[in-house]
Amino acid sequence: MTVRTRFAPSPTGMLHIGGVRTALFSWLYAKHHGGTFILRVEDTDRERSTDEATQVILDGMQWLGLTADEGPYYQTRRMDRYREVIEQWLAEGKAYRCYCTKEHLDELRARQMAAKQNPRYDGRCRECAEHREGVPYVVRFKNPLDGSVVVDDQVHGPVVFENTQLDDLIIARSDGTPTYNFCVVVDDSDMAITHVVRGDDHLNNTPRQINMLRALGATPPVYAHLPMILGADGAKLSKRHGAVSVLQYQEEGYLPSALLNYLVRLGWSYGDQEVFTLGEMIQYFDIKDVNKSASAFNPEKLLWLNQQHIMNAPASVLAVGLREQLASLDVHTEDQVMLEGVANILRERAKTLKEMAQTGLYFFREIDGYEEKSAKKNLTAEALPILQALIQSLQALPEWKAVAIHDVITAISTQFAVGMGKVAQPLRVAVCGSGVSPPIDTTVELLGRVVTLARLQRAQAFIAP
């Protein structure tokens, strides 16, 4: 059997980390088994679905690298197929027209709740074959009246639902539009989905969907319902916990590999390993290893993982994100050598690419001035002859390499009988604008001869105008 999974978001809001984890687990399961991953946009709720939300889904999946093998499919483009099945079920007696008014249903619900019963449709129109012309109706699925449905869930284990507790689900509204649960069933059947991975808030829908799949003559897929992701305080995840659009993590400078690594560990583990490459996730992942308990979102852990991935990522990968972050600061560059060089020199100091761009701005544009405290301490009359010696020696360097630059700093510290810091710090403030940077010899090598000498001369003029 070829494994076929699907991610089926509704474009009624942002794609946040809960949805991304569902997509990731579905994608990993398919990849682990050499199967097919399908993207399906469930956009039948036209009042709440938006083109903007759809684009966020597509952009988010692309940024994450969760490429679909098929799709995206859109439910709004399959309406003819849904109507075909509804008409077929009406003809076969698997569905029926329900003419019950809202007033009747409200009254029924009130009586059941007063009697402390679960509200459910009483089947009043179930055996009514007469079609009443001009009278509004919905179409309901004839759920079996006896027996049970066993959902052999891969996360929660067997879950039993009695058919007597399931009412006849509406599959078409009074305006003729099909409902979510019905469309899902037709889609999963037509697309030959073998495994459904989704949030456990859908578990109660599953027995109804299984009954409808059997009415279609289809074999129900294997289900795995993922536990919720909670905030660190145990409350339902919200914006204050980090339940934001996945693209905001891109804007904040997170690597997609780090976000995926973090999400895969929310409910799944492989020994004590914390840091995973995408290849390792594919190799080790099994849906049966997912914990049934809810997981807590920890932004500090995500930030730590992001730094681990920054330290291990190829410079070419970091350069892509760094370029995007610089563009958001109105700095535009296509200098790949400089981008990769800065990524390498700052990777151990930056927790995000946004931080990398902000701290490394002096590599890409002229510094606006000097940090007041650092300038007051290092750009002094005492440092002026040291800066002049640096200019002279660096101008004469035959090869602009970090080793040679380090030798110059050492020689000048000996010449003036001062510690290395008395030479390195004035140089650092002069070329970076502050007293903090990566090793100054590699920093100066990356800045280049022309920029370094120009900034040293500017610092000299700052001390002695």
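The following exercises, each with a worked solution, concern a predicted model of a protein chain.

**Exercise 1. Overall form**

Determine whether the protein chain is spread out or compact, judging by its radius of gyration.

Solution. Begin with the secondary structure: the protein chain contains 19 helices and 12 strands. Next, compare two values for its 465 residues: the radius of gyration is 31 Å, whereas the globule rule gives 23 Å. The former is well over the latter, so the protein chain is more spread out than a compact globule. Finally, consider the extents of the C-alpha trace, which spans about 105 × 45 × 40 Å along its principal axes.

**Exercise 2. Burial, contacts and surface**

Describe how the residues of the protein chain are buried, how its contacts are distributed along the sequence, and what its surface exposes.

Solution. First, 50% of the 465 residues count as buried. Second, take the contacts with a separation of 6 or more: 76% of them involve residues 24 or more positions apart. Third, turn to the surface, where the protein chain exposes about 22,300 Å², with carbon and sulfur atoms supplying 50% of that area. Fourth, examine the charges: there are 49 positive and 57 negative ones, and their mean positions lie 3 Å apart.

**Exercise 3. Cysteines**

Establish how many disulfides the structure holds, and decide whether Cys-125 is buried or exposed.

Solution. The count of disulfides is zero. For Cys-125, the nearest cysteine sulfur belongs to Cys-100 and is 3.6 Å away. A disulfide requires sulfur atoms within 2.5 Å, so a separation of 3.6 Å does not qualify. As to accessibility, the cut-off for a buried residue is under 20% relative accessible area. Cys-125 has 5% and is therefore buried. By the same criterion Cys-432, at 6% relative accessibility, counts as buried.

**Exercise 4. Backbone geometry**

Locate the cis peptide bond between Gly-71 and Pro-72, and characterise the setting of Asp-330 and Ala-417, two non-glycine residues with positive phi.

Solution. Start with the cis bond: omega is about 10° for the peptide joining Gly-71 and Pro-72. Pro-72 belongs to strand β3, which comprises residues 70–74.

Continue with Asp-330, whose phi is near 65°. Asp-330 lies in the loop between α11 (315–328) and α12 (336–346). Its relative accessible area is 60%, so Asp-330 is exposed.

Conclude with Ala-417, whose phi is near 55°. The loop between α16 (402–415) and α17 (421–432) contains Ala-417. With a relative accessible area of 68%, Ala-417 is likewise exposed.

Terms used
Residues are numbered from 1 along each chain as its sequence is written. This is a predicted model: local features need pLDDT of at least 70, side-chain atom pairs count only at pLDDT 80 or more; totals for chains, interfaces and linings use all residues. Side-chain values use heavy atoms; hydrogens and water are left out. Buried means under 20% relative accessible area, exposed over 50%, partly exposed in between (1.4 Å probe, protein chains only). Helices (H or I, at least four residues) and strands (E, at least two) are DSSP runs, numbered from the N terminus. The radius of gyration is taken over C-alpha atoms; the globule rule is 2.2 Å times the number of residues to the power 0.38. Contact means heavy atoms within 4.5 Å. Accessible areas come from the Shrake-Rupley method with a 1.4 Å probe; for residues, only the protein chains shown count as cover. Lys and Arg count as positive and Asp and Glu as negative; His and the chain ends are not counted. The place of a charge is taken as NZ of Lys, CZ of Arg, CG of Asp or CD of Glu.
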